[in-house]
Amino acid sequence: MARSETAPERAARDIRNLIKNKDLKPGDSLPAQRILANELGISRTSLREALATLEAIGLIHIHAGKGVYITD
């Protein structure tokens with residue numbers, strides 16, 4: 001039986017699509033976590049897990065208190 005996607009996994013996929021569809025470039029920022037969580041319909045906890053995953057693979061960089069930025 002196939003495993004269902006978790007909220008953080010779905011959010012990571014959605015954020016990757018957001019970056020691609022909005023043609024965001026290195027140095028561009030994502031919306032504030034509160035706004036992004038609301039747009040994706042998930043909790044901020046799930047969003048933070050998704051962002052941590054995307055940071056671990058090098059897609060984004062999280063600057064505490066400043067925002068989330070697309071990397072090179």
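The following paragraphs describe the helices, the strand pair and the salt bridges of a predicted model.

The prediction carries an average pLDDT of 94 over the protein, and 97% of the residues score at least 70. Among the elements, the lowest mean pLDDT belongs to α1, at 94, and the highest to α3, at 97. Caution in general applies where pLDDT is low, since predicted coordinates there should not be read in detail.

Helix α1 comprises the 15 residues 7-21, and its length is consistent with regular geometry, because a rise of 1.5 Å a residue predicts a span of 21 Å and the end C-alpha atoms are 20 Å apart. Within α1, the residues P8, A11, A12, I15, L18 and I19 are buried. These buried positions lie on the same side of α1, because the arc that they cover around the axis is only 120°. Such a pattern can be read against the general rule that an α-helix has 3.6 residues a turn, so that residues three or four places apart point the same way. On the other side of α1, by contrast, K20 and N21 are exposed. The packing partners of the buried residues of α1 are α2, α3 (44-56), β1 (60-63) and β2 (67-70). Just after the end of α1, D23 adopts a positive phi of about 55°.

Helix α3 has 13 residues, and the distance of 18 Å from its first C-alpha to its last is close to the 18 Å expected at 1.5 Å a residue. Its buried residues are S46, L47, A50, L51 and L54. When the helix is viewed down its axis, the buried residues of α3 fall within an arc of 135°, and they therefore line one face of the helix. These buried residues pack against α1, α2, β1 and β2, and a corresponding contact between the buried residues of α1 and α3 was noted above. The residue G58, which follows α3, has a positive phi near 85°.

One of the buried positions in α3 can be followed individually. S46 lies in helix α3 and has a relative accessible area of 13%, which is why it counts as buried, the cut-off being under 20%. When residues up to four places away in sequence are set aside, S46 touches A7 and P8, and P8 is itself among the buried residues of α1.

Helix α2 spans residues 33-40 and contains A37. A relative accessibility of 3% places A37 in the buried class, because that class takes in values under 20%. Leaving out residues up to four places away in sequence, the contacts of A37 are I42, S43, R44 and L47, and L47 is one of the buried residues of α3. The C-alpha atoms of A37 and R48 are separated by 9.1 Å, these two residues being 11 residues apart along the chain.

The strands β1 and β2 pair in the antiparallel sense over four bridges, and I62 stands opposite V68 in β2. Three residues separate the strands in this hairpin, in which G65 takes a positive phi near 80°. The two faces of β2 differ in their surroundings, with V68 and I70 on the covered face and G67 and Y69 on the uncovered one. This arrangement may be set beside the general behaviour of a regular strand, in which the side chains alternate between the two faces of the sheet.

Four salt bridges are present in the structure. E5 and R13 meet through their side chains in one of them, with an N to O distance of 2.7 Å, and the side chains of R13 and D14 form another, at 3.4 Å from N to O. Together, E5, R13 and D14 are linked in a network of salt bridges. E5 is partly exposed, with a relative accessible area of 36%, while R13 counts as partly exposed at 35% relative accessibility and D14 as partly exposed at 25%. A further salt bridge joins D23 to K25, whose closest N and O atoms are 2.9 Å apart; K25 is also partly exposed, at 43% relative accessibility, and D23 is the residue with the positive phi just after α1.

How values were computed: Residues are numbered from 1 along each chain as its sequence is written. Side-chain values use heavy atoms; hydrogens and water are left out. Buried means under 20% relative accessible area, exposed over 50%, partly exposed in between (1.4 Å probe, protein chains only). Contact means heavy atoms within 4.5 Å. The expected span of a helix is 1.5 Å times one less than its number of residues. The arc is that of the directions from the helix axis to the C-beta atoms. pLDDT is the predictor's confidence in each residue, from 0 to 100. Two strands pair if DSSP finds at least two bridges between them.
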